[in-house]
Amino acid sequence: MQAAVAAPDARLVHRQTRQDPNMMFGEAEICWYHAPGVADDENCSIADAAWFPGYTLEEYVDLLVRDSLLVACEDGTYLPTNYAVMTGQLTPRRQ
């Protein structure tokens with residue numbers, strides 16, 4: 001993260017505040033930067049990925065199933081498709 005923010009061509013692409021009673025003044029600020037040439041190999045949860053564009057978790061999971069990145073199992077769980085894993089779009093959680 002520090003490399004991305006320190007890069008001379010880094011640019012702020014998203015800034016948002018959220019209510020957070022654990023933070024000073026009751027607010028947390030989230031900033032997303034894009035820095036060309038800096039590796040983008042960080043993982044985030046599906047819930048975090050849903051939040052960034054403004055989807056609920058349920059809406060985002062439906063999109064992942066629709067786009068063949070997740071498979072809905074009969075027991076209510078989801079599995080990433082081989083395509084999603086091979087292209088690096090989804091990474092299975094290690095237990």
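A residue counts as buried with under 20% relative accessible area, as exposed with over 50%, and as partly exposed in between (1.4 Å probe, protein chains only). With that in hand, let us look around this structure.

This is a predicted model, in which local features need pLDDT of at least 70, side-chain atom pairs count only at pLDDT 80 or more, and totals for chains, interfaces and linings use all residues. Residues are numbered from 1 along each chain as its sequence is written, and side-chain values use heavy atoms, with hydrogens and water left out.

The pLDDT is the predictor's confidence in each residue, from 0 to 100. The protein averages a pLDDT of 76, and 73% of the residues score at least 70. Helices (H or I, at least four residues) and strands (E, at least two) are DSSP runs, numbered from the N terminus. Among these elements, helix H1 (residues 2-6) has the lowest mean pLDDT, 53, while S3 has the highest, 91.

Helix H3 (residues 57-66) is a good place to start. Its buried residues are Tyr60, Val61 and Leu64. Seen down the axis of H3, they fall within an arc of 100° (taken from the directions from the helix axis to the C-beta atoms), so they line one face of the helix. Turned away from that buried side are the exposed residues Glu58, Asp62 and Arg66. The buried residues pack against helix H2 (46-51), strand S3 (70-72) and strand S4 (78-80), where contact means heavy atoms within 4.5 Å.

The largest nonpolar core (buried Ala, Val, Leu, Ile, Met, Phe, Trp, Tyr and Cys residues joined through side-chain atoms within 4.5 Å) has eight residues: Ala50, Tyr60, Val61, Leu64, Leu69, Leu70, Ala84 and Leu90. H3 gives the largest share of this core, three residues.

Now for some polar pairs. A salt bridge needs a side-chain nitrogen of Lys or Arg within 4 Å of a carboxyl oxygen of Asp or Glu, and the count comes to one: Arg66 with Asp67, at 2.9 Å, N to O. Thr77 lies in the loop between S3 and S4, and its side chain makes a polar contact with that of Asp75 at 2.6 Å. Such a contact is a pair of N or O atoms within 3.5 Å; within protein, one must be able to donate a hydrogen and the other to accept it, and residues adjacent in sequence count only if both atoms are side-chain atoms.

| Residue | Relative accessible area | Class |
|---|---|---|
| Arg66 | 57% | exposed |
| Asp67 | 40% | partly exposed |
| Thr77 | 39% | partly exposed |
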